[in-house]
Amino acid sequence: MRILLSLIILLLSQEVLYSQRTPSEIAIFNLETKELIRLTSNEFADEEPEWSPDGSLIIFDSNRAGSNDLYQMKPDGTDVIRLTYDNAKEDHGAWSGDGSKLLFQYDAGSNTDVWLMDKDGKNRMRLTENPARDGWADWSPDGLKVVFSSDRTGNREIYLMNSDGSNVIQLTFSNTDNTDPTFSPDGSRIAFNSERDGNSEIYIMKTDGTRQMRLTQNTYYDERPDWSPDGLNILFSRRADGEYSLWIINLESLEEYRVTPQNIRVGRAHWSPNGKMIVTQYYPD
Ligand SMILES: [Ca+2]
Ligand SMILES: [Ca+2]
Ligand SMILES: [Ca+2]
Ligand SMILES: [Ca+2]
């Protein structure tokens, strides 16, 4: 009887977990062959993958062990290692330029903050301490600065701080949501998305917040920019008619094209260091 009861409770708690996040997988899309290779296969939400700077590892987050945690694996999907172990929600991992550290978002239930840790999960350190939602963080290539998004003024704006959490500077002032900031490979600019012009578009700016420039202009929801390793293009997600696909825009010509076929449902994505592949969140069903 007790075993049966435990089983029912387990099934109910699993049901709650499933309903929190849509089941998804991590996959690699080859830009040359257009082949999609699936790296995970389970009923849990595997999300937000990012390739390590040397190409040897992929970090992602998953709720496969109950609470959301960060994991690493090899780019062939083997050697999966769990990096965080507590009941809080850890997600949105980002590699430092030298591959030694990870930024992540930590949510213990009340709000989220930006934390960092060594790539093996050791030496956790809190960078923001604010009742607002702070997260979506990315490093400058030299590791000295961290850019992040926070709703501490009421809507999400982009902020820059030193990588020890000191000297926080607000970069955007638009009264609409601005998020997903990411540094260019040469460290001179930051790409982000903003809803200031009606719906979400991709923007770039200098790292002091000046020279803000819109790249996309359409009625679709454009978000999650990621610079190509050569700095010439930006990969982003576009939601049209409820479906996400990946697009690339050229920074010189502003010409844009669809990367993934319309029948492949994808989410947040990042370039491989050699620029030939993309690792992405993928929805098989
Ligand atoms: Ca999964
Ligand atoms: Ca956790
Ligand atoms: Ca916070
Ligand atoms: Ca748009």
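Two residues are taken to be in contact if their C-beta atoms, placed from the backbone, lie within 7 Å. In this predicted model, Ser174 is, apart from neighbours within four places in sequence, in contact with Ser194 and Arg196. Ser174 belongs to the loop that runs between strand E14 (169-170) and strand E15 (178-183), and it is partly exposed, because 16 other C-beta atoms lie within 10 Å. Gln281, which is 107 residues away from Ser174 along the chain, has its C-alpha atom separated from that of Ser174 by 29 Å.

Strand E9 (residues 112-118) is mostly covered, with 6 of its 7 residues buried. Strand E9 runs antiparallel to strand E8 (residues 101-107), to which 7 bridges join it, and it also runs antiparallel to strand E10 (residues 125-126), here through 2 bridges. The two hairpins that result are set out below.

| Hairpin | Residues between the strands | Glycine with positive phi | Bridge partners |
|---|---|---|---|
| E8 and E9 | 4 residues | Gly109, about 125° | Phe104 and Trp115 |
| E9 and E10 | 6 residues | Gly121, near 95° | Leu116 and Met125 |

Further along the chain, an open sheet of 4 strands follows the order E19-E20-E21-E22 with antiparallel pairing. Strand E19 (221-227) and strand E22 (256-258) stand at its edges, and each has a single partner strand, so one side of each is left without a neighbour in the sheet. Direction ignored, neighbouring strands of this sheet are turned by 30° against each other on average. Within the sheet, strand E21 (residues 243-250) pairs with E22 in the antiparallel sense over 3 bridges, and Ile249 stands opposite Glu256 in E22.

Technical notes. Residues are numbered from 1 along each chain as its sequence is written. Chains are lettered from A and ligands numbered from 1 in the order in which they are written. This is a predicted model: local features need pLDDT of at least 70, side-chain atom pairs count only at pLDDT 80 or more; totals for chains, interfaces and linings use all residues. A residue is buried if 20 or more other C-beta atoms lie within 10 Å of its own, exposed if 12 or fewer, and partly exposed in between; C-beta atoms are placed from the backbone. Two strands pair if DSSP finds at least two bridges between them. Axes are lines fitted to C-alpha atoms, for helices over the stretch in contact, and angles run from 0 to 180 degrees between N-to-C directions.
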